[in-house]
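Dear colleague,

I am passing on a structure that is new to you, and below it you will find my notes on what came out of it. Please read them with the structure open beside you.

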Amino acid sequence: DEGAAIIDGKAIAQTVREEIGVEVASLKASTGKVPGLAVVLVGGRKDSETYVRSKKKGCEEAGIQSFGTDLPEDVTEEELLKVVADYNADPSVHGILVQLPLPDHINEENVLNAISIEKDVDGFHPLNMGLLAQRGREPFFVPCTPKGCVELLERSGIEISGKTAVVIGRSNIVGMPANLLLQRRDATVTVVHSRTPNAKEVTQQADIVIVACGRAEMVRGDWIKPGAAVIDVGINAVDDATKKRGYRLVGDACFDEIKPIAGAITPVPGGVGPMTIAMLLQNTLEGFKRTVSA
Ligand code: NDP
(Lines give C-alpha, C1' and ligand atoms only; values in the text may rest on other atoms or scores of the structure.)
Protein backbone atom coordinates (compact mmCIF):
# COMPACT_ATOMS: atom_id res chain seq x y z
CA ASP A 1 0.00 0.00 0.00
CA GLU A 2 1.42 3.36 -1.10
CA GLY A 3 1.57 6.51 0.93
CA ALA A 4 1.07 7.57 4.51
CA ALA A 5 0.91 5.24 7.48
CA ILE A 6 -2.60 5.38 8.87
CA ILE A 7 -2.61 6.25 12.56
CA ASP A 8 -5.26 3.93 14.01
CA GLY A 9 -6.79 6.10 16.73
CA LYS A 10 -9.39 3.51 17.55
CA ALA A 11 -6.78 0.84 18.30
CA ILE A 12 -4.49 3.25 20.19
CA ALA A 13 -7.44 4.51 22.25
CA GLN A 14 -8.37 0.91 23.06
CA THR A 15 -4.82 0.24 24.27
CA VAL A 16 -4.92 3.38 26.45
CA ARG A 17 -8.28 2.32 27.90
CA GLU A 18 -6.97 -1.14 28.74
CA GLU A 19 -3.93 0.40 30.46
CA ILE A 20 -6.27 2.62 32.48
CA GLY A 21 -8.44 -0.37 33.41
CA VAL A 22 -5.41 -2.29 34.70
CA GLU A 23 -4.24 0.68 36.78
CA VAL A 24 -7.73 1.34 38.17
CA ALA A 25 -8.02 -2.31 39.23
CA SER A 26 -4.64 -2.27 40.94
CA LEU A 27 -5.39 1.00 42.77
CA LYS A 28 -8.74 -0.41 43.83
CA ALA A 29 -6.96 -3.43 45.30
CA SER A 30 -4.45 -1.28 47.19
CA THR A 31 -6.70 1.61 48.34
CA GLY A 32 -10.23 0.18 48.27
CA LYS A 33 -11.27 3.21 46.21
CA VAL A 34 -12.05 3.87 42.55
CA PRO A 35 -11.91 7.06 40.46
CA GLY A 36 -15.20 8.88 39.95
CA LEU A 37 -16.31 11.09 37.04
CA ALA A 38 -19.37 13.37 37.21
CA VAL A 39 -20.96 14.33 33.89
CA VAL A 40 -23.50 17.16 33.85
CA LEU A 41 -25.80 17.46 30.85
CA VAL A 42 -28.15 20.39 30.31
CA GLY A 43 -30.99 20.07 27.82
CA GLY A 44 -31.69 17.45 25.19
CA ARG A 45 -29.23 18.05 22.32
CA LYS A 46 -28.92 14.73 20.51
CA ASP A 47 -25.17 15.10 19.86
CA SER A 48 -24.48 16.00 23.50
CA GLU A 49 -26.56 13.04 24.69
CA THR A 50 -24.50 10.74 22.46
CA TYR A 51 -21.19 12.11 23.78
CA VAL A 52 -22.36 11.82 27.39
CA ARG A 53 -23.51 8.24 26.84
CA SER A 54 -20.15 7.18 25.39
CA LYS A 55 -18.26 8.95 28.18
CA LYS A 56 -20.26 7.04 30.80
CA LYS A 57 -19.78 3.75 28.93
CA GLY A 58 -16.03 4.41 28.75
CA CYS A 59 -15.98 4.91 32.51
CA GLU A 60 -17.83 1.65 33.15
CA GLU A 61 -15.44 -0.36 31.00
CA ALA A 62 -12.40 1.09 32.76
CA GLY A 63 -13.79 0.52 36.27
CA ILE A 64 -14.34 4.25 36.85
CA GLN A 65 -17.52 5.14 38.73
CA SER A 66 -19.69 7.55 36.76
CA PHE A 67 -22.09 10.06 38.26
CA GLY A 68 -24.57 11.84 36.05
CA THR A 69 -26.90 14.78 36.44
CA ASP A 70 -29.30 15.55 33.60
CA LEU A 71 -30.85 18.98 33.92
CA PRO A 72 -33.71 20.43 31.85
CA GLU A 73 -33.05 23.02 29.14
CA ASP A 74 -34.63 25.76 31.30
CA VAL A 75 -32.56 25.09 34.43
CA THR A 76 -31.30 28.30 36.04
CA GLU A 77 -27.61 29.12 36.19
CA GLU A 78 -27.90 29.12 39.98
CA GLU A 79 -29.24 25.55 40.02
CA LEU A 80 -26.48 24.39 37.68
CA LEU A 81 -23.83 26.08 39.86
CA LYS A 82 -25.28 24.26 42.88
CA VAL A 83 -24.83 20.89 41.10
CA VAL A 84 -21.21 21.78 40.34
CA ALA A 85 -20.61 22.91 43.95
CA ASP A 86 -22.00 19.62 45.27
CA TYR A 87 -19.65 17.61 43.04
CA ASN A 88 -16.74 19.86 44.07
CA ALA A 89 -17.44 18.86 47.68
CA ASP A 90 -17.98 15.14 47.01
CA PRO A 91 -14.80 13.15 47.81
CA SER A 92 -15.86 10.23 45.60
CA VAL A 93 -15.85 12.53 42.54
CA HIS A 94 -12.40 13.19 41.05
CA GLY A 95 -13.46 14.69 37.75
CA ILE A 96 -16.32 17.03 36.80
CA LEU A 97 -17.38 17.67 33.25
CA VAL A 98 -20.14 20.00 32.11
CA GLN A 99 -21.08 19.05 28.57
CA LEU A 100 -20.90 22.04 26.21
CA PRO A 101 -22.57 23.92 24.59
CA LEU A 102 -24.86 25.26 27.33
CA PRO A 103 -28.20 26.97 26.59
CA ASP A 104 -27.93 30.70 25.79
CA HIS A 105 -29.37 31.90 29.11
CA ILE A 106 -26.48 30.32 31.03
CA ASN A 107 -23.08 32.04 31.19
CA GLU A 108 -20.61 29.32 30.19
CA GLU A 109 -17.66 31.20 31.70
CA ASN A 110 -19.31 31.34 35.14
CA VAL A 111 -19.95 27.60 35.03
CA LEU A 112 -16.45 26.62 33.92
CA ASN A 113 -14.94 28.96 36.54
CA ALA A 114 -16.99 27.22 39.26
CA ILE A 115 -15.42 23.78 38.70
CA SER A 116 -12.64 23.04 41.20
CA ILE A 117 -9.35 23.21 39.25
CA GLU A 118 -8.39 19.92 40.88
CA LYS A 119 -11.46 18.22 39.33
CA ASP A 120 -11.45 20.10 36.01
CA VAL A 121 -10.93 17.02 33.78
CA ASP A 122 -11.76 18.95 30.60
CA GLY A 123 -8.95 21.38 31.44
CA PHE A 124 -11.06 24.40 30.42
CA HIS A 125 -10.75 26.34 33.70
CA PRO A 126 -8.79 29.55 33.00
CA LEU A 127 -6.33 28.72 35.80
CA ASN A 128 -5.52 25.34 34.23
CA MET A 129 -5.19 27.05 30.82
CA GLY A 130 -2.90 29.67 32.36
CA LEU A 131 -0.73 27.01 34.01
CA LEU A 132 -0.49 25.21 30.65
CA ALA A 133 0.70 28.43 29.01
CA GLN A 134 3.37 29.24 31.59
CA ARG A 135 6.93 27.89 31.46
CA GLY A 136 7.88 25.78 34.46
CA ARG A 137 4.27 25.30 35.62
CA GLU A 138 2.05 22.25 35.36
CA PRO A 139 -1.74 22.41 34.94
CA PHE A 140 -3.83 19.93 36.92
CA PHE A 141 -5.42 18.82 33.63
CA VAL A 142 -4.80 19.25 29.90
CA PRO A 143 -7.80 19.46 27.50
CA CYS A 144 -8.65 15.99 26.18
CA THR A 145 -8.73 16.49 22.40
CA PRO A 146 -5.34 18.20 21.97
CA LYS A 147 -3.85 15.85 24.56
CA GLY A 148 -5.13 12.97 22.42
CA CYS A 149 -3.48 14.47 19.32
CA VAL A 150 -0.08 14.55 21.03
CA GLU A 151 -0.58 11.06 22.45
CA LEU A 152 -1.28 9.78 18.90
CA LEU A 153 1.97 11.33 17.65
CA GLU A 154 3.99 9.93 20.56
CA ARG A 155 2.52 6.45 20.40
CA SER A 156 3.17 6.40 16.63
CA GLY A 157 6.84 7.16 17.22
CA ILE A 158 6.66 10.58 15.56
CA GLU A 159 9.34 12.93 16.88
CA ILE A 160 7.99 16.33 18.05
CA SER A 161 11.06 17.99 19.57
CA GLY A 162 12.86 20.26 17.11
CA LYS A 163 10.18 19.81 14.42
CA THR A 164 8.18 22.49 12.66
CA ALA A 165 4.47 22.25 13.48
CA VAL A 166 1.43 24.09 12.17
CA VAL A 167 -1.84 24.13 14.08
CA ILE A 168 -4.82 25.18 11.95
CA GLY A 169 -7.38 26.70 14.33
CA ARG A 170 -7.03 28.65 17.60
CA SER A 171 -10.12 27.68 19.62
CA ASN A 172 -9.91 27.45 23.39
CA ILE A 173 -10.74 23.75 23.36
CA VAL A 174 -8.51 22.48 20.53
CA GLY A 175 -6.22 24.82 18.57
CA MET A 176 -4.86 27.01 21.36
CA PRO A 177 -4.01 24.19 23.79
CA ALA A 178 -2.63 22.06 20.89
CA ASN A 179 -0.20 24.90 20.15
CA LEU A 180 0.84 25.09 23.82
CA LEU A 181 1.31 21.32 24.11
CA LEU A 182 3.49 21.14 20.99
CA GLN A 183 5.61 24.08 22.22
CA ARG A 184 6.07 22.31 25.56
CA ARG A 185 7.49 19.39 23.61
CA ASP A 186 9.93 21.73 21.86
CA ALA A 187 8.29 21.97 18.44
CA THR A 188 8.42 25.32 16.65
CA VAL A 189 4.74 26.11 16.20
CA THR A 190 2.84 28.41 13.86
CA VAL A 191 -0.89 28.92 14.35
CA VAL A 192 -3.06 29.41 11.26
CA HIS A 193 -6.56 30.91 11.60
CA SER A 194 -9.33 32.42 9.49
CA ARG A 195 -7.41 35.69 8.95
CA THR A 196 -4.19 33.99 7.81
CA PRO A 197 -3.76 35.08 4.18
CA ASN A 198 -1.34 32.32 3.13
CA ALA A 199 -2.54 29.31 5.10
CA LYS A 200 -1.48 26.86 2.38
CA GLU A 201 2.09 28.17 2.07
CA VAL A 202 2.54 28.25 5.85
CA THR A 203 1.22 24.71 6.21
CA GLN A 204 3.58 23.47 3.48
CA GLN A 205 6.50 24.17 5.86
CA ALA A 206 5.26 21.82 8.59
CA ASP A 207 6.60 18.43 9.65
CA ILE A 208 3.50 18.07 11.85
CA VAL A 209 0.07 19.51 11.01
CA ILE A 210 -2.82 19.52 13.46
CA VAL A 211 -6.01 20.47 11.64
CA ALA A 212 -8.92 21.87 13.70
CA CYS A 213 -10.68 24.50 11.59
CA GLY A 214 -14.19 23.03 11.43
CA ARG A 215 -14.25 23.24 7.60
CA ALA A 216 -14.90 19.95 5.79
CA GLU A 217 -11.82 18.80 3.83
CA MET A 218 -10.35 22.33 3.70
CA VAL A 219 -6.73 21.14 3.85
CA ARG A 220 -5.81 19.64 0.48
CA GLY A 221 -2.99 17.39 -0.70
CA ASP A 222 -0.91 20.30 -2.03
CA TRP A 223 -0.84 21.94 1.46
CA ILE A 224 1.24 19.07 2.82
CA LYS A 225 5.01 18.65 2.78
CA PRO A 226 5.93 15.12 1.63
CA GLY A 227 6.39 12.86 4.65
CA ALA A 228 4.62 15.18 7.13
CA ALA A 229 2.37 13.84 9.91
CA VAL A 230 -1.24 15.05 9.68
CA ILE A 231 -3.56 14.87 12.69
CA ASP A 232 -7.12 15.66 11.62
CA VAL A 233 -9.38 16.76 14.49
CA GLY A 234 -12.35 17.70 12.30
CA ILE A 235 -15.69 15.95 12.40
CA ASN A 236 -18.09 17.11 9.68
CA ALA A 237 -21.25 15.44 8.36
CA VAL A 238 -21.57 15.81 4.58
CA ASP A 239 -24.59 14.70 2.53
CA ASP A 240 -24.11 11.30 0.92
CA ALA A 241 -27.08 9.64 -0.77
CA THR A 242 -25.21 6.32 -1.02
CA LYS A 243 -25.22 5.99 2.80
CA LYS A 244 -28.17 4.63 4.74
CA ARG A 245 -28.06 7.59 7.15
CA GLY A 246 -27.90 10.05 4.23
CA TYR A 247 -24.53 11.46 5.30
CA ARG A 248 -20.95 10.50 5.98
CA LEU A 249 -18.32 11.92 8.31
CA VAL A 250 -15.24 13.65 6.93
CA GLY A 251 -12.40 15.51 8.56
CA ASP A 252 -11.10 19.05 8.12
CA ALA A 253 -8.40 17.57 5.85
CA CYS A 254 -8.91 15.77 2.54
CA PHE A 255 -7.78 12.24 3.44
CA ASP A 256 -7.70 10.83 -0.12
CA GLU A 257 -5.51 13.64 -1.46
CA ILE A 258 -3.16 13.71 1.52
CA LYS A 259 -2.61 9.97 1.98
CA PRO A 260 -0.26 9.57 -1.03
CA ILE A 261 1.86 12.54 0.14
CA ALA A 262 2.02 12.50 3.94
CA GLY A 263 4.14 10.21 6.11
CA ALA A 264 1.30 9.55 8.53
CA ILE A 265 -2.35 10.57 8.78
CA THR A 266 -5.31 10.00 11.08
CA PRO A 267 -8.58 8.85 9.49
CA VAL A 268 -12.02 10.33 10.24
CA PRO A 269 -13.76 8.60 11.88
CA GLY A 270 -11.38 6.43 13.89
CA GLY A 271 -8.55 8.91 14.48
CA VAL A 272 -8.67 11.69 17.06
CA GLY A 273 -12.31 11.08 18.07
CA PRO A 274 -11.75 7.87 20.08
CA MET A 275 -8.71 9.41 21.78
CA THR A 276 -10.75 12.25 23.27
CA ILE A 277 -12.69 9.89 25.53
CA ALA A 278 -9.59 7.85 26.36
CA MET A 279 -7.88 11.08 27.52
CA LEU A 280 -10.93 12.00 29.62
CA LEU A 281 -10.62 8.66 31.43
CA GLN A 282 -6.88 9.20 31.80
CA ASN A 283 -7.46 12.66 33.27
CA THR A 284 -9.98 11.23 35.74
CA LEU A 285 -7.46 8.59 36.79
CA GLU A 286 -4.76 11.27 37.21
CA GLY A 287 -7.10 13.34 39.42
CA PHE A 288 -7.87 10.27 41.52
CA LYS A 289 -4.18 9.38 41.91
CA ARG A 290 -3.43 12.87 43.26
CA THR A 291 -6.05 12.36 46.00
CA VAL A 292 -4.90 8.89 47.06
CA SER A 293 -1.22 9.85 47.16
CA ALA A 294 -1.89 13.13 49.00
P1 NDP B 1 -14.05 26.33 16.31
O2 NDP B 1 -15.09 26.64 15.31
O3 NDP B 1 -14.22 26.78 17.73
O4 NDP B 1 -12.65 26.92 15.82
C5 NDP B 1 -12.26 26.81 14.48
C6 NDP B 1 -10.92 27.49 14.30
O7 NDP B 1 -10.54 27.34 12.93
C8 NDP B 1 -10.97 29.00 14.59
O9 NDP B 1 -9.81 29.38 15.29
C10 NDP B 1 -11.01 29.62 13.21
O11 NDP B 1 -10.33 30.86 13.09
C12 NDP B 1 -10.27 28.60 12.37
N13 NDP B 1 -10.72 28.67 10.99
C14 NDP B 1 -11.98 28.73 10.51
N15 NDP B 1 -12.00 28.84 9.18
C16 NDP B 1 -10.71 28.85 8.79
C17 NDP B 1 -10.08 28.98 7.54
N18 NDP B 1 -10.78 29.11 6.42
N19 NDP B 1 -8.73 28.95 7.50
C20 NDP B 1 -8.01 28.84 8.63
N21 NDP B 1 -8.56 28.72 9.85
C22 NDP B 1 -9.89 28.74 9.93
O23 NDP B 1 -13.84 24.77 16.24
P24 NDP B 1 -13.22 23.73 17.32
O25 NDP B 1 -11.82 24.07 17.60
O26 NDP B 1 -14.16 23.54 18.44
O27 NDP B 1 -13.27 22.39 16.45
C28 NDP B 1 -12.53 22.24 15.27
C29 NDP B 1 -12.94 20.95 14.58
O30 NDP B 1 -12.66 19.85 15.42
C31 NDP B 1 -14.42 20.83 14.24
O32 NDP B 1 -14.52 20.14 13.01
C33 NDP B 1 -15.00 20.01 15.37
O34 NDP B 1 -16.12 19.28 14.96
C35 NDP B 1 -13.84 19.09 15.66
N36 NDP B 1 -13.77 18.60 17.05
C37 NDP B 1 -13.48 17.28 17.23
C38 NDP B 1 -13.30 16.75 18.49
C39 NDP B 1 -12.93 15.33 18.62
O40 NDP B 1 -13.08 14.75 19.68
N41 NDP B 1 -12.38 14.70 17.59
C42 NDP B 1 -13.47 17.57 19.70
C43 NDP B 1 -13.69 18.98 19.41
C44 NDP B 1 -13.84 19.44 18.12
P45 NDP B 1 -10.77 32.20 13.90
O46 NDP B 1 -10.23 32.01 15.30
O47 NDP B 1 -10.10 33.29 13.16
O48 NDP B 1 -12.26 32.24 13.86
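The shell around the ligand is made up of 11 nonpolar, 12 polar and four charged residues. Please bear in mind that this is a predicted model. In total 27 residues surround the ligand, and the closest are Gly-169, Ser-171, Ser-194, Gly-234 and Thr-276. The element that gives the most to this shell is helix α10, which spans residues 272–293 and supplies three residues.

Turning to the interior, the largest nonpolar core holds 84 residues, and those with the most contacts inside it are Ile-208, Val-209, Ile-210, Val-211, Val-230 and Ile-231. Helix α10 also gives the most to this core, with nine residues. Nonpolar side chains do tend to be buried together in soluble globular proteins. To take one residue of the core, Val-230 is in contact, once its neighbours within four places in sequence are left aside, with Val-209, Val-211, Ile-224, Ala-253, Ile-258, Ala-262 and Ile-265.

As for the chain as a whole, there are 10 helices and 11 strands. Its radius of gyration is 19 Å, close to the 19 Å that the globule rule gives for 294 residues, so the chain is as compact as a globular protein of that length. Along the principal axes, the C-alpha atoms fill a box of roughly 50 × 40 × 35 Å. Of the 294 residues in the chain, 43% are buried, and among contacts with a separation of 6 or more, 67% join residues 24 or more positions apart.

With kind regards

Notes: Residues are numbered from 1 along each chain as its sequence is written. This is a predicted model: local features need pLDDT of at least 70, side-chain atom pairs count only at pLDDT 80 or more; totals for chains, interfaces and linings use all residues. A residue is near a molecule or strand if its C-beta atom, placed from the backbone, lies within 6 Å of it. Helices (H or I, at least four residues) and strands (E, at least two) are DSSP runs, numbered from the N terminus. Ala, Val, Leu, Ile, Met, Phe, Trp, Tyr, Cys and Pro count as nonpolar, Asp, Glu, Lys and Arg as charged, and the others, Gly among them, as polar. A nonpolar core is a set of buried Ala, Val, Leu, Ile, Met, Phe, Trp, Tyr and Cys residues joined through C-beta atoms within 7 Å. A residue is buried if 20 or more other C-beta atoms lie within 10 Å of its own, exposed if 12 or fewer, and partly exposed in between; C-beta atoms are placed from the backbone. Two residues are in contact if their C-beta atoms, placed from the backbone, lie within 7 Å. The radius of gyration is taken over C-alpha atoms; the globule rule is 2.2 Å times the number of residues to the power 0.38.
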